[in-house]
Each structure stands twice: as C-alpha cells, then as structure tokens.
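This report goes through selected local features of one protein model. The sequence and the structure come first, and the notes follow.

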Amino acid sequence: EDNLMNILIPYFSGTGCTELAANTIADEFISRAHKASCIKIKDNTLVSDDADILIVCFAVHACNAPEPVIKWAKKLQDGKRKPAVIISISGGGEITPNLASRLPLKTILTKKNYEVVYEKMLVMPSNMLAETKPSLCAHLIKILPHKVSFIVDEILQGKKRLTNPPLGDRLLTFFGAVEHQGAHLFGKFIHASDSCNGCSLCAKQCPVGNITMV
C-alpha cells in the first residue's frame, strides 16, 4: 500500500476526445489500485497538494497547447519537484507541425518547479480541417485503452520519455501562439452548415462557452 499513488489529471477538451483520453488514463490507474481523478482545466482549477503525479492532457491547437491551458499553468503554485506528465492529443500524431506542441507548457511547468518526466502524443479522431472516416474513428477509440495501458506501464516503471523538437517545429509552435490572440476573431466567421440538426451538443461541450445556438 505504501506504493499506491494519487494521480491528478487536469485536462482541456473541446469536442470530447481529450476528455475520453483523460478518463481512460484515470480508469487504468484505478484498475491498478491507485487513486486517480480528472478535473477540467479552467482559470480557477486548483492542483491538490496530495497529488503524487500531475498528468496534463490537452488537444493540440495551432501547434501549441490551447490558450486556457497556458493561462492555467502560469497560475500554478510551486510544484515542489513533483513529477509531471504531458499528454497531447491530435488527429495527426507525432509529426510536423505537432512535434513542439508540448514545449511551451513543459517550459512553464519546469519554471513552476515541476519535474516533467514523460511526454506522449495520443492520436484521436481529427476534428479540424480534415474529417476522420467513421471506421477509423471507431478503431482509434477501440485501441485507446491499449495505448493508455502502455503509457501507464512506462510511467509506473519510472521510464523517462522526453522529446527534443527540431528548430523548425519550435518556430511553428512559436508562431502558432498567435492563435491565442486571433482565435476570437477567426471564430466570428465560423457558422454551422445546413447539415446542423440543432442538437446543441457543440454548445454544451464547448469548454469556454464560445458557441451560441441561434
């Protein structure tokens, strides 16, 4: 029992893929008799002092972590050298332009005195620019527990997995941060197509309340 840990999983999810991944990670730890809980990242989200490991999950936005994640991380208290894990979610996986997407958050957590010990990208159905075929969506969701089991194995074994993105990807992430300032303007030009059935799921799921049903 002395080896049992308390895992805290703050996550930011737009359409639900990251939320599913975070909950799957929590379930895997719980199945191994550890304590794990998920919390949605908001400006006032607090990190419990009794957490042994912090696992931050986010969907990649413009080669970067979403702005609410960055703002939240900057408000964190001293991490007291606790281990931290960063799990990014994307439809493309560990490829350009996503290779440096965890770097800004990693830098902030390090400054907040957390020890980032593990990084990983999980591939989930794409919800931006390119549509993922339903058959592939089903496959990605079906194999998610297996991928998560592998990640949890490595974390519990103390394996360090850190990335060193090439300069080109670092620059993409740096310039991608412009999205933090321009997203609200870009969003004003997005409207539902005629295929919208008015279910309002998008408005209910939006983590920052940006979607309005008319």
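## The loop between S3 and H2

His 61 sits in the loop that joins S3 to H2. The model is a predicted one, and the values in this report are computed from it. With a relative accessible area of 28%, His 61 is partly exposed. Residues up to four places away in sequence aside, His 61 touches Phe 12, Pro 66 and Glu 179. Its C-alpha atom is 8.7 Å from that of Ser 90, a residue 29 positions away along the chain.

Cys 63 belongs to the loop between S3 and H2 as well. Its relative accessible area is 15%, and because the cut-off for buried is under 20%, Cys 63 counts as buried. The backbone at Cys 63 has a positive phi of about 65 degrees, although the residue is not a glycine.

## Glu 179 in H6

One of the contacts of His 61 is Glu 179, which is placed in helix H6, residues 179–187. Glu 179 has a relative accessibility of 27% and is therefore classed as partly exposed.

Once neighbours within four places in sequence are left aside, Glu 179 is in contact with His 61 and Ala 62. Glu 179 and Ala 62 are 117 residues apart along the chain, yet their C-alpha atoms are separated by 6.5 Å.

## Ile 41 and its contacts

Which residues does Ile 41 contact, leaving aside its neighbours within four places in sequence? They are Pro 10, Tyr 11, Phe 12, Val 56, Pro 68, Val 69 and Trp 72. Ile 41 itself lies in the loop between strand S2 (35–40) and strand S3 (53–59).

The relative accessible area of Ile 41 is 4%, so this residue is buried. From Ile 41 to Ala 73 the C-alpha distance is 9.4 Å, with their positions 32 residues apart in sequence.

## Packing of H2 and H3

Two packed helices are described by the angle between their axes and the distance between the axes. Helix H2 covers residues 67–74 and helix H3 residues 103–111; their axes come within 9 Å and cross at roughly 10 degrees. Angles under 35 degrees count as roughly parallel, and H2 and H3 are therefore roughly parallel to each other.

On the H2 side, the residues that meet H3 are Val 69, Ile 70, Ala 73 and Lys 74. Their counterparts in H3 are Pro 104, Leu 105 and Ile 108. Sorted by class, this contact holds six nonpolar residues, no polar residues and one charged residue. Val 69 also appears among the contacts of Ile 41.

## Asp 169 and the cis peptide bond

Asp 169 is part of helix H5, residues 167–176. It is buried, with a relative accessible area of 4%. Beyond its neighbours within four places in sequence, Asp 169 is in contact with Thr 96, Pro 97, Leu 99 and Ala 100. The C-alpha atoms of Asp 169 and Asn 98 are separated by 7.3 Å, and the two residues are 71 positions apart along the chain.

Two of these contacts, Thr 96 and Pro 97, are joined by a cis peptide bond with omega near 15 degrees. Pro 97 is located in the loop between strand S4 (83–90) and H3.

## Ala 33

A further backbone feature is found at Ala 33, in the loop between helix H1 (17–31) and S2. Its phi is near 75 degrees, a positive value in a residue other than glycine.

## Cavity and pocket

Rolling a probe the size of a water molecule over the atoms shows where empty space is left. The count comes to one cavity of 30 Å³ or more, and the largest cavity holds about 30 Å³ of space. Its lining consists of Leu 99, Ala 100, Arg 102, Leu 103, Lys 106, Glu 119, Thr 163 and Pro 165. By class, the lining divides into four nonpolar residues, one polar and three charged. Leu 99 and Ala 100 are also among the contacts of Asp 169.

The second largest pocket has a volume of about 280 Å³. Of the 20 residues that line this pocket, Leu 46, Val 47, Leu 76, Gln 77 and Tyr 114 lie nearest its centre. The lining of the second largest pocket comprises nine nonpolar, four polar and seven charged residues.

Notes: Residues are numbered from 1 along each chain as its sequence is written. This is a predicted model: local features need pLDDT of at least 70, side-chain atom pairs count only at pLDDT 80 or more; totals for chains, interfaces and linings use all residues. Side-chain values use heavy atoms; hydrogens and water are left out. Axes are lines fitted to C-alpha atoms, for helices over the stretch in contact, and angles run from 0 to 180 degrees between N-to-C directions. Helices (H or I, at least four residues) and strands (E, at least two) are DSSP runs, numbered from the N terminus. Angles under 35 degrees count as roughly parallel, over 145 as roughly antiparallel, 65 to 115 as roughly perpendicular and the rest as oblique. Contact means heavy atoms within 4.5 Å. Ala, Val, Leu, Ile, Met, Phe, Trp, Tyr, Cys and Pro count as nonpolar, Asp, Glu, Lys and Arg as charged, and the others, Gly among them, as polar. Buried means under 20% relative accessible area, exposed over 50%, partly exposed in between (1.4 Å probe, protein chains only). On a 1 Å grid over the protein atoms alone, a cavity is a set of points where a 1.4 Å probe fits but cannot get out, and a pocket is an open set with protein on both sides within 12 Å along at least five of seven lines; lining residues have an atom within 4 Å of a point. Grid points are joined across faces, edges and corners, and a volume is the space filled by probe spheres set on the points.
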